[in-house]
Amino acid sequence: AGKDCPIQRCGGGVPAPTPTGGGDAGCSADGWHINQKNNQGCTNDDNIVQSWLQPKVKNKMFKPTAKKCCDHFFAGKDCPIHDCAGPAPAPAPTTSDPACEGTHGWHIDRIKQDGCSDDDNFVESWLHPNMKAQMFKTTPQECCEQFFPNKSCEVYDTGCSGGGSAPEPTPGPPSPPSSSCAGHGWHVHREANDGCTDDDNIVEAWLQPYLKDQMFYPSSQGCCDKFFPTKDCKVYPSACGGPAPVEPTPGPPIPSSSNSATNFFEDFEGGDLSLTKFETRGIPWRIDEEFVFNGAKSVKNSVTKPGQSSKLILAMDFPADGLLIYELRHDVFMPWAKLEVKLDEMVDKGFQGHTDAAKWETQKISVTKGLHEIVWDVNTMNVALPPNQRGSSTVWIDDVRFFGTLTLDWEDNEFDDNLVSFSGIGKWRIDDSLPGPKTGVSAHSPNGLLPGEHSTMEIKWYSPSGGLVTFDCHVGLGTISFYIDDTLEYTEDQPGKGTQTVDTVISPGEHTFSWKYEPPEHANMPMSMVWIDNVEFAI
């Protein structure tokens, strides 16, 4: 560690070692980033975009080493490295060996599954650009640390990676206990909120059958993979007062021929659409820096002409029911262009114009567990267009993420006392009295409240990754006010609007959600209630 490490590969093709240095004139003190001169490879020079230095962006755009920069931005592709402090020592030359053709580096030995090999016996899907950098390593040491942390790791050297046999890595410290003193497993550390622990400081509602498997994991690695997939994840082994936090070693990814939506997040900061799980058809979509929701980049369509279409496509295997949330800025007007958002070829939502200036808005798509294809299709009808075009016929998308969700639909006809509480006058009820078509039951405020009284339903919820809280609301007579942590997010006092869906973005952490109902000024008015149904939380 901290030294130059020449790497030899079968058949030539020697990648540059991770350079060291920095701090000289013309070098960036922030680390390694995409080379702005040609957008190819990584450098530590000071030719950067100023917006990269914003607190929310900096950790995404700068990496501590050249290798981490290449792995993040150019996984599975050539990544030239430019060190502003001067060239790194050239690695020793290597000769091509026909017997080594077809090898790609060190990977799990598929025959014995107890160590690493550099042979050509691997799964074809490992060569997919989204998988290659994860499944193949340049040295046996890296492979063992990646796939067999804290375990014995055999090394099976075929001679194709150069340098002869590598010694067996020294096993790390023993893994912390897999269960807490309370016996539930590993969960988000509630105080630090920056990693996982196995202590007994938990939310009681997590122990409910429908939540327990989502909130507790048998190992620290499983917890980190679930709640901190793209962030540093500290591990706090309790051991009833055990050692200080340690950083976990990532476990092996599961090879798959399809994209998985587990912990999915894409902000397009890599600068290359081919590095993402998205694809484009027709007139292509491209990375853009003109309008962004967060960071320095977003993705936008190409302007279409009559009869043309510009599609952005995401095909994913969703591990659970949930929400695909994204930020959208559109400037389309019919007949020059329209945006259709499709789920499995069915239009989920359409955009044909806007009244105010174009602005970023949070959009969502509800998906069920399984394989789905989502398409953002900007198209123009094949007709003669009128003069004086409105809008730029352009759509921007940023920060696409998936959250599994839990829905409280009250169909079991009871409130969970560990999750739901009440204050004010009376207790809410569950029945099928919601006006309109009968589609099941819903929760509603007590009937018969007098002017000046109120009744509040409250839910305490821990959302490790943030996301949305969504619910259906129907006001009879009176006023409903929805609060998150005592901050008013929604209020309605106009009858006759029917059932409305309300959604609000929430930050990671623990929140208190409150629905406060106040009756109208005149007592004993009919329909003096509010109905709440389908409360949906990110998990």
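This passage describes the overall make-up of a predicted protein model and then turns to one helix and one residue.

The protein contains six helices and 30 strands. Of its 539 residues, 44% count as buried. The surface that the protein exposes amounts to about 26200 Å², and 49% of this area is supplied by carbon and sulfur atoms. Among the contacts in the protein with a separation of 6 or more, 70% are accounted for by residues 24 or more positions apart.

Helix H6 spans residues 220-227. Six of its eight residues are buried, so the helix is largely enclosed by the rest of the structure. The buried residues of H6 are Ser220 and Gln221, Cys223 and Cys224, and finally Lys226 and Phe227. In general, an α-helix has 3.6 residues a turn, so residues three or four places apart point the same way.

A residue in a strand was also examined. Ser421 belongs to strand S21, which comprises residues 420-424. The relative accessibility of Ser421 is 34%, and this residue therefore counts as partly exposed, since the partly exposed class lies between the limits of 20% and 50%. When its neighbours within four places in sequence are left aside, Ser421 is in contact with Thr456, Met457 and Glu458. Lys460 stands 39 residues from Ser421 along the chain, and the C-alpha atoms of these two residues are separated by 8.7 Å.

Terms used
Residues numbered from 1 in each chain as written. Predicted model: local features only at pLDDT ≥ 70, side-chain atom pairs only at ≥ 80, totals over all residues. Heavy atoms only, no water. Helix = DSSP H or I, 4+ residues; strand = E, 2+ residues; numbered from the N terminus. Buried < 20%, exposed > 50% of the residue type's maximum accessible area, 1.4 Å probe, protein only. Contact = heavy atoms within 4.5 Å. Areas by Shrake-Rupley, 256 points an atom, 1.4 Å probe, with all protein chains shown as cover.
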